[in-house]
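The exercises below are meant to be worked with the sequence and the model side by side. Each one has a task and a solution in steps.

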Amino acid sequence: MKRTLAGIGCFVAGIAVGAFFGGLVSSARSQAPAKPVAAAVTASDKEGLRIIGFGAHPDDCEIRAGGTAALWSKHGYAVKFVSATNGDIGHWQMAGGPLAQRRLREVMKADKILGVATEVLDIHDGELEPTLENRRKFVRLIRSWRADVVMGHRPNDYHPDHRYTGVLMQDSAFMVAVPYFCPDVPYLRRNPVYLYYYDRFERPTPFRPDVVIPIDEVIDQKLEALLVMESQFIEGGALGYLRPLPQGAAARAARREQARQGFLRRFAAVADQYRDRLIELYGPEVGKKVRYAEAFEICEYGRQPTAEELRKIFPFAPWPD
Ligand SMILES: [Zn+2]
């Protein structure tokens, strides 16, 4: 408060002196820093929470957090998924602008199904770097969304774009609340809660399932969203693991079913892998019954939520009374 008043005093003095001495003091006046403006109201003060998720490619947020996002959206929370790259080498047979456009259309369709907003940054796939310019981009996006919660990859991951998305997300923590970093966008009044998506990487540290969210209720919605991204899950993506292209409606339907079953196994494996944690969080009766799940680790660079705040962030989870 003291600092705010001092800032205003300085500004007022600048105007008053400037009025008397005109051009003589204009250089002195321009040295007085413009006071950065805080986000007028954090969303959580008035409405539901606001969440922003970062993924390296147009499909990562949807795979890792699509079910939880659908639940948030149903609950009236505002969710935005940002892809840090445009995915323009994510196909074994096509690349460049046409693929970037195709993937943008696909991911927008997927996010519409989940009920979340979409943004794809125009950075080439495979070329994301943890630069100052990109740190600023992440900070501006988080502030513009007035995010209460930020999500992203952990920085140990097989893909360099995933790793650097994680680093950029980490680098935005704390800085989003610093008034004079990117003063062109209103700063956040408090550091958001930062969450990592689950992954299978062990070194230097394995993923810790702080929160495991049952997604049984929205599993069909999540699968529908994923399967509209045909360049990835019907045609095989960057490595063409489903090569050759399926020809004809029957072949594509068969491929679709194959991908669907694969995803069901994958999200069931998350619930099974973190079964102990599900039971710990929700009790044995509920925890044992969950079939499909998504899991999150709380990043130590963001605000550390209390148990009560976690319930507010995930109000749809079957917390015990
Ligand atoms: Zn990816």
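The expected span of a helix is 1.5 Å times one less than its number of residues. The model used here is a predicted one.

**Exercise 1. Length and faces of a helix**

Task: Compare the expected span of helix α5 with the distance between its end C-alpha atoms, then find which residues of α5 are buried and which are exposed on the other side.

Solution.
Step 1. Helix α5 covers residues 97-114 and has 18 residues, so at 1.5 Å a residue it should span 26 Å. Its end C-alpha atoms are 26 Å apart, which agrees.
Step 2. The buried residues in α5 are A100, R103, E106, V107, A110, D111 and L114. They lie on the same side of α5, because the arc they cover around the axis is only 130°.
Step 3. G97, P98 and Q101 are exposed, on the other side of α5.
Step 4. The cover over the buried residues of α5 includes the helices α4 (60-74), α8 (219-227) and α9, as well as the strands β2 (78-83) and β3 (117-120).
Step 5. Just after α5 comes G115, which takes a positive phi of about 85°.

**Exercise 2. Two helix pairs**

Task: Describe how α4 packs with α8, and how α8 crosses α10.

Solution.
Step 1. Two packed helices are described by the angle between their axes and the distance between the axes.
Step 2. For α4 and α8, the packing angle is about 135° and the axes are 9 Å apart. The two helices are therefore oblique to each other, and their crossing is right-handed.
Step 3. On the α4 side, the residues that meet α8 are E62, I63, G66, G67 and A70. Their partners in α8 are I219, Q221, K222, A225 and L226.
Step 4. For α8 and helix α10 (residues 248-273), the axes come within 10 Å and cross at roughly 130°. This pair is therefore oblique as well, and α8 passes α10 in a right-handed crossing.
Step 5. From α8, I219, L223, L226 and L227 meet R256, A259, R260, F263 and F267 of α10. I219 and L226 of α8 thus appear in the meeting with α4 and in the meeting with α10.

**Exercise 3. Two residues compared**

Task: Is F233 buried or exposed, and which residues does P318 contact beyond its neighbours within four places in sequence?

Solution.
Step 1. F233 belongs to helix α9 (residues 230-233). F233 is buried, because 23 other C-beta atoms lie within 10 Å and the cut-off is 20 or more.
Step 2. Beyond its neighbours within four places in sequence, F233 is in contact with L226, L227 and A259. F233 and D59 are 174 residues apart in sequence, yet their C-alpha atoms are 9.9 Å apart in space.
Step 3. P318 sits in the segment after α13 (307-313). P318 is partly exposed, with 16 other C-beta atoms within 10 Å.
Step 4. Setting aside neighbours within four places in sequence, P318 is in contact with P214, Y282 and V286. From P318 to V286 there are 32 residues in sequence and 7.5 Å between C-alpha atoms.

**Exercise 4. The chain overall**

Task: How many helices and strands are in the chain, and what percentage of its residues count as buried?

Solution.
Step 1. The chain has 13 helices and seven strands.
Step 2. Of its 321 residues, 40% count as buried.
Step 3. Among contacts between residues at least 6 apart in sequence, 75% join residues at least 24 apart.

Terms used. Residues are numbered from 1 along each chain as its sequence is written. This is a predicted model: local features need pLDDT of at least 70, side-chain atom pairs count only at pLDDT 80 or more; totals for chains, interfaces and linings use all residues. Helices (H or I, at least four residues) and strands (E, at least two) are DSSP runs, numbered from the N terminus. A residue is buried if 20 or more other C-beta atoms lie within 10 Å of its own, exposed if 12 or fewer, and partly exposed in between; C-beta atoms are placed from the backbone. Two residues are in contact if their C-beta atoms, placed from the backbone, lie within 7 Å. The arc is that of the directions from the helix axis to the C-beta atoms. Axes are lines fitted to C-alpha atoms, for helices over the stretch in contact, and angles run from 0 to 180 degrees between N-to-C directions. Angles under 35 degrees count as roughly parallel, over 145 as roughly antiparallel, 65 to 115 as roughly perpendicular and the rest as oblique. A crossing is left-handed if the near helix is turned anticlockwise from the far one by less than a right angle, and right-handed if clockwise.
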